[in-house]
Amino acid sequence: MTTTNWSPSISKAGGPLYLAIADALATDIASGRLTDGFRLPPQRTLADQLGIDFTTVSRAYAEARKRGLVEGRVGQGTYVTARRPASAGSAVTGIIDMSMNLPPRFDDPDLAAAMWEGVAQLQSSHGLDLLMRYQEAGGTSRDRAAGAAWLAPRLGEIDTGRLLVTPGAQGALLALLGALAAPEETICAEALTYPGLLAVAQHLRIHVAGIAMDAQGLIPEAFEEACRKHAPKILYCTPTLHNPTTATLSLARRERIVSIARQHNVLIVEDDAYGALPAKPVAAFATLAPDITYHVAGLAKCVAPALRVAYVVVPQGRTVAHLAGAIRATAGMASPLTSAVATHWIETGIAHSVLAAIRTEAKQRQAIVSKILPAKLVQADPEGFHVWLKLPGHWNRSDFAARLRSAGIGVVTSDAFAVTEPAPEAVRLGLGAPPSHASLAASLEVVAALLAQQSAMSSMVV
């Protein structure tokens with residue numbers, strides 16, 4: 001493995017500079033000046049050498065990765081590779097959009113094959129009937145039983161008469177808010193909350209009051225104050241691996257919140273999108289307060305985003321008919337085909353194997369984060385797959401996100417999650433989209449380098 005003091009021969013007069021650098025790299029590889037295994041100069045070094053903006057070099061290296069000219073190696077740098085360029089539409093190892101919070105892709109061909117084989121087996125087990133029928137708004141008895149089995153490790157034994165199958169968590173929230181709150185009424189949510197909840201509330205003309213948070217999550221005293229001030233119908237919250245801050249509410253806080261909710265006659269809508277990820281989860285609101293909690297558990301984050309299936313457990317003593325009617329009115333039903341896939345994967349153990357693979361991959365990616373990003377700015381959980389990055393004082397979130405976009409990296413600023421103003425100077429990074437550890441590290445290295453820059457310096461244009 002050889003290190004080279006490579007410097008491209010480029011002109012600043014013609015076209016985008018990052019393309020000129022990538023073209024020069026391609027030319028030097030084709031001519032034999034650079035061969036497989038040559039280590040390219042660090043991006044900062046090359047930027048200083050050329051007297052140009054760091055992000056221009058980052059874009060150039062990203063373009064070279066897309067062409068298959070180079071590859072990034074975790075903790076080692078960027079190397080010329082002899083691999084053929086990636087074809088159009090194929091996965092590349094370049095810098096990746098980190099705005100989507102996807103479960104990380106695991107490297108297990110046998111498990112991937114089992115997932116597809118499970119889909120194919122539905123043809124013989126269900127036949128044409130699966131494709132040519134409607135079903136009940138809340139799902140078939142078999143699908144509800146599978147949902148109860150999936151939730152049992154966290155909620156214990158569940159009466160399937162309390163469980164409904166919905167077309168994803170977003171569909172569940174639309175049905176729930178429509179059934180439980182009227183236009184112009186107020187609900188509560190964390191001061192930073194899931195954007196999908198805000199979209200549903202706006203659509204239904206429901207007001208959302210933000211509840212103050214700290215590093216441990218929703219503050220019970222702030223919730224109590226909001227109850228006295230707003231008399232909310234609902235508390236919506238994501239108590240485990242909160243999106244976006246990654247906070248998980250302690251058992252003591254959950255018990256205090258339950259006490260306040262009972263005192264003020266507030267229902268709890270518990271969004272447990274990430275609840276399956278922790279190996280030793282904190283008791284869910286649905287177990288602490290089963291009589292006032294609607295528990296929503298989607299499969300998108302812990303199994304597969306393509307499974308637009310979520311299970312809703314209604315409080316004890318409440319009928320499911322009202323919610324089933326809301327599902328019927330808003331979405332008709334959960335897709336029979338998608339529900340059947342979810343049920344098959346749960347019954348055969350495939351879903352649990354996928355969950356285990358996601359857990360392992362998430363921990364590995366969080367370890368990469370801890371090596372590259374400054375710990376004092378990062379709020380994360382080793383069992384989650386997103387990071388809440390608090391920006392240093394010389395950066396504002398809009399400029400920081402814009403500079404990352406120019407380097408090919410998408411992040412989500414705090415504005416998307418903010419219920420109340422001002423939004424904090426922070427961004428969310430999704431660790432699941434990069435297809436490899438190397439591409440994740442390459443993206444994080446750009447983020448880390450930009451954090452160290454002064455905002456004014458990073459705004460230079462060449």
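In what order do the strands of the open seven-stranded sheet run? The order is β5-β13-β12-β11-β10-β6-β7, and the pairing is mixed. Strands here are DSSP runs of E with at least two residues, helices are runs of H or I with at least four residues, and both are numbered from the N terminus. Two strands count as paired if DSSP finds at least two bridges between them.

A quick note on what you're looking at: this is a predicted model, where local features need pLDDT of at least 70 and side-chain atom pairs count only at pLDDT 80 or more, while totals for chains, interfaces and linings use all residues. Residues are numbered from 1 along each chain as its sequence is written, and side-chain values use heavy atoms, with hydrogens and water left out.

**The sheet and its helix**

Back to the sheet. Its edges are β5 (163–166) and β7 (207–211); each has a single partner strand, so one side of each is left without a neighbour in the sheet. From one strand to the next, the twist averages 20°. For angles like this, axes are lines fitted to C-alpha atoms (for helices, over the stretch in contact), and the values run from 0 to 180 degrees between N-to-C directions.

At the β5 edge, the partner is β13 (residues 310–313): the two run antiparallel and are joined by four bridges. Look for Val165, whose bridge partner in β13 is Tyr311.

Over by the other edge strand, helix α8 (residues 220–230) lies across β6 (186–190), β7 and β10 (234–237). Its direction is at about 150° to β7. Contact, by the way, means heavy atoms within 4.5 Å.

**Loops worth a look**

Follow the chain out of α8 and you're in the loop to β10, where Ala231 sits. Its phi is near 50°, a positive value in a residue other than glycine. Ala231 counts as exposed because its relative accessibility is 59%; the cut-offs are over 50% for exposed, under 20% for buried and partly exposed in between, with a 1.4 Å probe and protein chains only.

The loop between β10 and α9 (251–263) holds Pro244, and Thr246 is found there as well. Thr246 also has a positive phi, near 75°, but Thr246 is buried, with a relative accessible area of 5%.

Pro244 is on the far end of a cis peptide bond from Asn243. Another cis bond leads into Pro422, in the loop between β16 (412–413) and β17 (426–430). Here are the two bonds:

| Cis peptide bond | Omega |
|---|---|
| Asn243 and Pro244 | about 20° |
| Glu421 and Pro422 | about 0° |
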